[in-house]
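Got your viewer open and a coffee to hand? Load the model below, and we'll go round it one selection at a time.

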Amino acid sequence: MICFLGIETSCDETAAAVVTSAGRVLSNVVHSQIALHQPHGGVVPEIASRAHVELLPGIVERAISEAGIAWDEIDGIAVTSEPGLASALLVGVAAAQALALRLDRPLVAVNHIEAHLRSIFLGEGCPLDRALPTVALVVSGGHTCLIELSPDRAPRLLGQTLDDAAGEALDKGAKLMGLGYPGGPAIEAAAAGGDSKRVAFPRGGVTSAIEGLDPALCFSFSGLKTALRYYLRDHPEALNAEHLPHVAASYEEAVVSVLVERLESALTKTGASQAAAAGGVARNRRLRSRLAEMAARRGVRLGLAAPEFCSDNAAMVAAVAAAGFGRSVRPIGALDIRPTAPIGLETP
Amino acid sequence: MKALALEFSSEMPSLALFDDERPAGLARCPDAGRGNRALFEALDRLLRSAALHPRDLDLFIVGRGPGRYSGLRAALTIARFLALPGGKPVFAVSSGAALAAVVLRETGGAAVAVLGDARRGECWYGVFRGDGDEPHPDAWRVAPPEELPARLPPEAALVSPDYERLLRQGVVARLGAARWRAGDRAPDAVEVGRLALRRRRAGIASEPLSPLYPHPAVAAARRPPADNGPQMG
């Protein structure tokens, strides 16, 4: 049994996990720093990196202990080295380098987006056939992109956001509505019982995309947030208890519908027979439900990352290395972080 | 007993090996920038020169600043993760205390203040008294330059790893140029290691395994001048 220890510190989760080459998750320890960042309405990089320094040794020890293995049973160390917050990435990378040196084990650098893609296959009961082409939506507070997975080629970037990520749009919307942080769960809770058609928020069409990408498969959420601001300005009653559920539901629907529509367009354009979604926003119940409806209507298989693997975690990082992907780094000191690295995938 | 000391608080990071409390090697990595490449190359050189592997080390010593955040985080993280698999001890001392020990020994004086640029228009400082073997620290504090003359004992020699920057900012002149040990002065890993080993021998506990940060992570409202300011660490 080959075991990889994964370390993830690219943003505000401090995480470590042990995963086998067969894809079995032996441990998956995640410490969310939400409580530290909540008062500031978003992730504060300096708070995140300070917390990683304090917490990571204990988190890694727990991952080893919960996996029920000894240190010398670790066969390799995988770490997120790109993209992410520079000062946060540095902590995880330094830890991984030191462990790889101490244990005499290979060090594997992992792209965070690629790790999210791997999370689709983690856990029991993934319905996807890896031999068939798949379009995956990776959607979180930092990323929103569509990626084509094929059995015979590297993952291919199809489209991405031009401005805010979907999770960022939810955070900003929640802040405007006074719903707190993180915005996705807060809006989801506030939207319960609301009419999602009550307010017609814009759907963020894209006419000129990033070079090489199809505008029809790209996203833009900055206009949505502005529309909400103007709506709240013009409708002071919108935040009272009677109206707030409708506003929240309409805003959530505006984000979700764009994600589903773009994924469906990508399925049409690529001819892929499978769809998937991963990342923190993929926990959203409205999104999961809409994706299930779309997949059923089109007759495509749908693989959704299990909720425990949607938010940032290290199991997905270890899984990349355990499956033989990622970038092997030798000597270990040669691993540099790439905070603003592109998604790191082939573009059409 | 074999020990490794890491001192990355300044722009002159270094690592040192100790064999039975005697310095057995020093490696400097002046070109350490973003990333840890130069630090690990220096560590590799140092360990090879002594024919050692990290698993052979019994103790990890680390300087916790004040100083460059990225360096302090790297030093503490690397030390703790080299120590983790074998359950080896990690011992932290303030880098500034190690520098104070050197200056007290050099000057034979009774007091030394170690200062640095804390950004946000303030300086960090610590005042040490002693005979050079074990400088007794007052708390690390932060203050704007205009308050420093009243806060630092007039007899204290002054030293800083940020001397050139403080010179440009007028802090050196404000406190009296003659009091300063001129030039950027940073402790090296041998000095940090010596201080840690002396403290361990004396039964003094490690300082917390976290960097000495001059400021909270998020900028706070400006303090009133009468406020002595929060202690660091």
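The tour goes through aromatic rings, charges over rings, and then the nonpolar cores. Keep in mind as you click that this is a predicted model.

**Stop 1: aromatic pairs**

Searching the whole structure turns up seven aromatic pairs over all chains. Start by selecting A:Phe201 and A:Tyr251, an edge-to-face pair with 5.8 Å centre to centre and 80° between the planes. What you have picked are distant parts of the chain, 50 residues apart: A:Phe201 is in the loop between helix 6 (183–190) and helix 7 (222–234) of chain A, while A:Tyr251 belongs to helix 8 (residues 244–270). Both A:Phe201 and A:Tyr251 are buried.

Now hop over to chain B and pick B:Phe128 and B:Trp140, which also pair edge-to-face, at 5.4 Å centre to centre with 65° between the planes. Here B:Phe128 sits in strand 7 (residues 122–129) of chain B, and B:Trp140 in the loop between strand 8 (136–137) and strand 9 (141–143), 12 residues apart. Are these two rings buried or exposed? B:Phe128 has a relative accessible area of 0%, so it counts as buried. B:Trp140, at 6%, is buried as well.

Back in chain A, add A:Tyr231 to your first selection: ring pairs join A:Phe201, A:Tyr231 and A:Tyr251 into a cluster.

**Stop 2: charges over rings**

Show A:Arg50 together with B:Tyr213. The arginine's charged end sits over the tyrosine ring, 3.6 Å from its centre. Next, try A:Arg130, whose charged end is over the ring of A:Phe121, 4.3 Å from the ring centre.

**Stop 3: the cores**

Which residues touch the most other members of the largest nonpolar core? Select A:Ile7, A:Val60, A:Ile77 and B:Leu4, out of 66 residues in that core. Its largest share, 12 residues, is from helix 3 (residues 86–103) of chain A.

Zoom in on A:Val60. Leaving out residues up to four places away in sequence, A:Val60 touches partners in chain A, including A:Leu5, A:Ile7 and A:Trp71, as well as B:Phe81 and B:Leu84. Then look for the second, separate core, with 65 residues, among them A:Val135, A:Leu158, A:Phe221 and A:Cys310.

**Stop 4: B:Leu17**

Finish on B:Leu17, in strand 2 (residues 14–19) of chain B. Its relative accessibility is 2%, so B:Leu17 counts as buried. Beyond its neighbours within four places in sequence, B:Leu17 has contacts including B:Ala3, B:Leu4, B:Pro23, B:Leu46 and B:Leu57. For a distance to try, go from B:Leu17 to B:Ile78: 61 residues apart in sequence, and 15 Å C-alpha to C-alpha.

Technical notes: Residues are numbered from 1 along each chain as its sequence is written. Chains are lettered from A and ligands numbered from 1 in the order in which they are written. This is a predicted model: local features need pLDDT of at least 70, side-chain atom pairs count only at pLDDT 80 or more; totals for chains, interfaces and linings use all residues. Side-chain values use heavy atoms; hydrogens and water are left out. Rings of Phe, Tyr and Trp (its six-membered ring) pair if their centres lie within 6.5 Å; planes under 30 degrees apart count as stacked, over 60 as edge-to-face and the rest as tilted. Helices (H or I, at least four residues) and strands (E, at least two) are DSSP runs, numbered from the N terminus. Buried means under 20% relative accessible area, exposed over 50%, partly exposed in between (1.4 Å probe, protein chains only). A charge sits over a ring if NZ of Lys or CZ of Arg is within 6 Å of the ring centre and within 35 degrees of the ring normal. Contact means heavy atoms within 4.5 Å. A nonpolar core is a set of buried Ala, Val, Leu, Ile, Met, Phe, Trp, Tyr and Cys residues joined through side-chain atoms within 4.5 Å.
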